[in-house]
Amino acid sequence: MPTIKSSAELRNNYNEISTFCHNYSEPVFITKNGKGDLAVMSIEAYEELTSRFELYGLLKEGLDDVASGSTKPFSEAMNEIRSRRKR
């Protein structure tokens, strides 16, 4: 169940909300005039989330390369790498 707080609670209880975000590594949703406005999370949780998005993007690129046939067999790629190192 998501944690939802009002903007007034954020203003009045910042330290409590900050502690919650750090202890539970999940966002707190902030409402303004009864409607969703912001998601607040710790820097660590944010960095983990963005790292996952980056990884998913790289995996998708790889899967797209496989689907389009833009790949080489492992042995061929390794032979190319070894030949470059010998130069």
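**Exercise 1. Locate L49 in its helix, then classify its exposure and find its surface partners**.

Solution. Start with the element: L49 belongs to helix α3 (residues 43-68), where helices are DSSP runs of H or I with at least four residues, strands are runs of E with at least two, and both are numbered from the N terminus. The model is predicted, so local features need pLDDT of at least 70 and side-chain atom pairs count only at pLDDT 80 or more, while totals for chains, interfaces and linings use all residues. Residues are numbered from 1 along each chain as its sequence is written, and side-chain values use heavy atoms, without hydrogens and water.

Next, exposure: L49 is partly exposed because its relative accessibility is 33% (buried is under 20%, exposed over 50%, partly exposed in between; 1.4 Å probe, protein chains only).

Finally, the partners: L49 joins F53, L55, Y56 and L59 in a nonpolar surface patch whose accessible area is about 510 Å² together. Patch residues have over 30% relative accessible area and no salt bridge (a side-chain nitrogen of Lys or Arg within 4 Å of a carboxyl oxygen of Asp or Glu); nonpolar side chains are joined within 5 Å.

**Exercise 2. Work out the strand order and pairing of the sheet**.

Solution. The open sheet has three strands, ordered β1-β2-β3, with mixed pairing (two strands pair if DSSP finds at least two bridges between them). At the edges lie β1 (3-6) and β3 (35-40), each pairing on one side only. Now take β1 with β2: they run parallel over four bridges. One position to check is K5, opposite I30 in β2.

Terms used
Patch = residues over 30% accessible without salt bridge, like charges linked within 9 Å, V, L, I, M, F, W, Y side chains within 5 Å. Areas by Shrake-Rupley, 256 points an atom, 1.4 Å probe, with all protein chains shown as cover.
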